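Here are my notes on the model, as numbered points. Please read them with the structure open.

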Amino acid sequence: MMSFKAFLATQDDNISDSEAIEKYNDYKLEFQRQQLNEFFVAHKDDEWFRLKYHPEDSVKRKDEQMTALKKRVEVFLELLNGGKLAVSVDCAKTSDLLKLLDTVVIKLEGGTDEDLAILEQEYTELEEKSKELKTKDEISEKVNDETNNKKEEQPVEKPKIEEPATKENGETADPTAEDGEIEQENKDEIVAVDNKAGEKMETDEDKKEESEDKEQAKEGESGEVDEEIKKDEKEKKRKRSYSGSSSGSSSSSSESEEEKDKVEKKEEEEGDKEKQKEEVKEQIETVEDDKPEKPKSLHKTTSIFLRNLAPTITKQEVEAVCGRYEGFLRVALADPQPERRWLRRGWVTFKRDANIKEICWNLNNIRLRDCELGAIVNRDLSRRIRPINGITAHKQVVRSDIRISAKVALHLDNKSGLWLEDEKKEKPQQTFGLVSNNPVLHNITDYLIEEASAEEEELLGLEPTADTQDSASTVERDEHLLSVLDRIILYLRVVHSVDYYNHCEYPNEDEMPNRCGILHARGPPPTTKTDMTQFIGAPIEAKMSSFLPEKPRDENKNETKLINLSLKDVDTEIDKFVQANTRELAKDKWLCPLSGKKFKGPDFVRKHIFNKHAEKIEEVKKEVEFFNNYLRDPKRPMLAEAPQPKREEPPSYNHPSYGSSFGGYGRLPPYYNQGYSQRSRGYAPRSRGGPGDFRPVIHYRDLDAPREPEEFI
């Protein structure tokens, strides 16, 4: 799109300011209309676009989302009636929150009570391990404290400094020599103690080795007896063969025989040890085989992330490619992103026991519609319960959060059509405030009203204890209010996939690898004085604005703007279609190109199209509704505008003054153009302004003065 300055360059010079602004606004509307039409025509056959805006495909998609939402409501009500939602949304209760999220996933996957019992067992084992680690840490800390205390209690014995001994003749002995002797004696004592300790260690090791040898000898007595008999026979044969030899040769042969016997004994002992190890391994394997297989956990999955998917690739094609591998569960595809050249991202979920790395390797060798998938293994969530500022547990902040979260829950319920059947049956009288049949929002207004003893304070002349504080150093908790807020937060998270404390929604969560993954919870109380104004009222409402009902606007203005953006009318589009399919061949002779029949007038062609080609008329109506649905979406995707180039400021030139000390009029200073070759006469002079300024530099030269070599001509 042209800037206003560029648009003015195309207009007449005599145009007024008001006419220029009006024409520029018309140009912008026309440009936006063209862009919308181009984008619609380019993407109307893509699956993601049809699922969002097509009158038939979008209805199917909404029905699928509604069934999943109702399933989540059933799971939530089951947990609420079972008393399993009595969990505070605090980071201190991380294990309880994780257990709750996992139970929700198991229920959504169709798990039974056995799966829940397995989950309970997992968390009990984790708690036991954590307790054991804590006890070990405490014991080690106690031992360290005791050793430190003992060291402090034991007095440090300082070596006595003996006075230098005097000799008979009155000379003093060398004190340094005596100190050295004392140190040597101490060192000798330390070495002796170390040697004794080493000897004790060696004796202990020898005893252990002897006991091990005895055990091995007891285990393999039968094998050793056979081996001893064979050894005796070999020795007898050797004695017979060497009986007639000389004394020298007999002595040398006996030594070699002894060495061979030693080597054979060592080899036999090593073979026995290896046999025993193999037997032990076989026993362990048989024990492991006898153990029953652990049941598969439904709440744990593995997944692959697809980085690059063309917008033309459908979900069915990805499912067909990935469904060939064992353990395949589901596929989730995100909407295309304009900043990534309209490429999509995908997550393929498999069972926990699937060979995910081999599957990922195979997917990297596959191309879909000449597009590499870019498959990588998706890691598990590092932290599922994430902390926020602990000031949110303050009584004043909690009351504000109850009001905002109740509005969010009520708006999302009305938007999706939940809890509306009972309201039609029992229409209450005129009510004010939050009214809903949702059990979570039952009597919610009772907790939004503040109480204060204002009259008593006025009569006694006390300062009013204003509950509205701007900052607080200590967190004042109200457990009753917190329980009400936690129930609403868990309802939003489980049913609508809205993380209240993170002010965001996790879309298409039922298709993602983690069907109930991340939750933000209140962290520990702050240590310093914190400002509460950013956690109360308007700032939070601004962050949750996408989940709150929109403020009433002037619909006529919005509608006129949409009409200006070429919002299509069904009747006019049908008329255009009929006119495009009526051709005049001659006088009183008209043709319908859809069927090839000829008629006397255009009215007969119109009747023929409505009677015989009603399906074509229906297609036109659907096309109009399709385009209008796209146009009515405030978050509709559009072609990204090309970024305008930044304006480059022209460099400022310091022109020398006419009466300068360089002599002559306008003669350049000597440092100008130094180090560069002199500009030849045939080149254009250097421009003085920006890149679009081609005016030549004006020079002033005295015609009578001799020509200077540095002068520009």
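1. **A term to fix.** Buried means under 20% relative accessible area, and exposed means over 50%, with partly exposed in between. On that basis, the buried residues of helix H4 are Ser58, Arg61, Leu69, Arg72, Val73, Val75, Phe76 and Leu79. Two of the names to keep in mind are Arg61 and Arg72. Both return below among the salt bridges.

2. **Confidence.** This is a predicted model. The average pLDDT of the protein is 75, and 64% of the residues score at least 70. Which elements mark the two ends of the scale? Helix H7 (residues 175-219) has the lowest mean pLDDT, 46, and strand E9 (residues 498-499) has the highest, 95. Residues 239-253 stay under 50, and the model gives them three contacts beyond four places in sequence. Residues 423-432 are also below 50. That stretch has three contacts in the model beyond near neighbours in sequence.

3. **Overall make-up.** The protein has 20 helices and 15 strands. It has 713 residues, of which 27% count as buried. Of the contacts with a separation of 6 or more, 70% join residues 24 or more positions apart. The exposed area is about 51200 Å², with carbon and sulfur atoms supplying 49% of it.

4. **Helix H4.** Residues 57-81 form H4, which has 25 residues. From first C-alpha to last, H4 reaches 37 Å, close to the 36 Å expected at 1.5 Å a residue. What do its buried residues pack against? The partners are helix H3 (47-53), helix H5 (94-108), helix H12 (395-416) and helix H15 (479-495). After H4 comes Gly83, with a positive phi near 75 degrees.

5. **Helix H15.** One of the packing partners of H4 is H15. H15 has 17 residues and reaches 24 Å between its first and last C-alpha, close to the 24 Å expected. Of those 17 residues, 13 are buried, so H15 is largely enclosed by the rest of the structure. Ser497, just after H15, takes a positive phi of about 60 degrees.

6. **Salt bridges within reach in sequence.** The whole structure holds 28 salt bridges. Glu30 pairs with Arg33, and their closest N and O atoms are 2.2 Å apart. Both residues lie in helix H2 (residues 17-43), three residues apart, about one turn of the helix. Glu30 is partly exposed at 37% relative accessibility. Arg33 is partly exposed as well, with a relative accessible area of 21%. Asp57 forms a salt bridge with Arg50, the closest N and O atoms being 3.0 Å apart. Arg50 has a relative accessible area of 25%, so it counts as partly exposed.

7. **A long-range salt bridge.** Glu511 and Arg61 meet through their side chains in a salt bridge, at 2.9 Å from N to O. How many residues separate the two in the chain? They are 450 residues apart: Arg61 is in helix H4, and Glu511 is in the loop between strand E10 (504-505) and strand E11 (519-522). Are these two residues buried or exposed? Glu511 is buried, and so is Arg61. Salt bridges that share partners also join Arg72, Glu109, Arg330, Arg493, Glu509, Asp510 and Arg515 into one network.

8. **Thr349.** This residue is found in strand E3 (residues 344-351). Thr349 has a relative accessible area of 0%, so it is buried. Leaving aside neighbours within four places in sequence, Thr349 is in contact with Thr301, Thr302, Ser303, Gly327, Phe328, Leu329, Arg330, Glu511, Met512 and Pro513. Glu511 is thus a contact of Thr349 and a salt-bridge partner of Arg61. Arg330, another of the contacts of Thr349, belongs to the salt-bridge network.

9. **A three-strand sheet.** Strands E13, E14 and E15 form an open antiparallel sheet, in the order E13-E14-E15. Strand E13 (583-586) and strand E15 (598-599) stand at the edges with a single partner strand each, so one side of each has no neighbour in the sheet. E13 and strand E14 (residues 589-591) pair over three bridges, in the antiparallel sense. Glu584 stands opposite Trp590 in E14.

Definitions and conventions
Residues are numbered from 1 along each chain as its sequence is written. This is a predicted model: local features need pLDDT of at least 70, side-chain atom pairs count only at pLDDT 80 or more; totals for chains, interfaces and linings use all residues. Side-chain values use heavy atoms; hydrogens and water are left out. Helices (H or I, at least four residues) and strands (E, at least two) are DSSP runs, numbered from the N terminus. The expected span of a helix is 1.5 Å times one less than its number of residues. Buried means under 20% relative accessible area, exposed over 50%, partly exposed in between (1.4 Å probe, protein chains only). Contact means heavy atoms within 4.5 Å. pLDDT is the predictor's confidence in each residue, from 0 to 100. Accessible areas come from the Shrake-Rupley method with a 1.4 Å probe; for residues, only the protein chains shown count as cover. Two strands pair if DSSP finds at least two bridges between them. A salt bridge is a side-chain nitrogen of Lys or Arg within 4 Å of a carboxyl oxygen of Asp or Glu.
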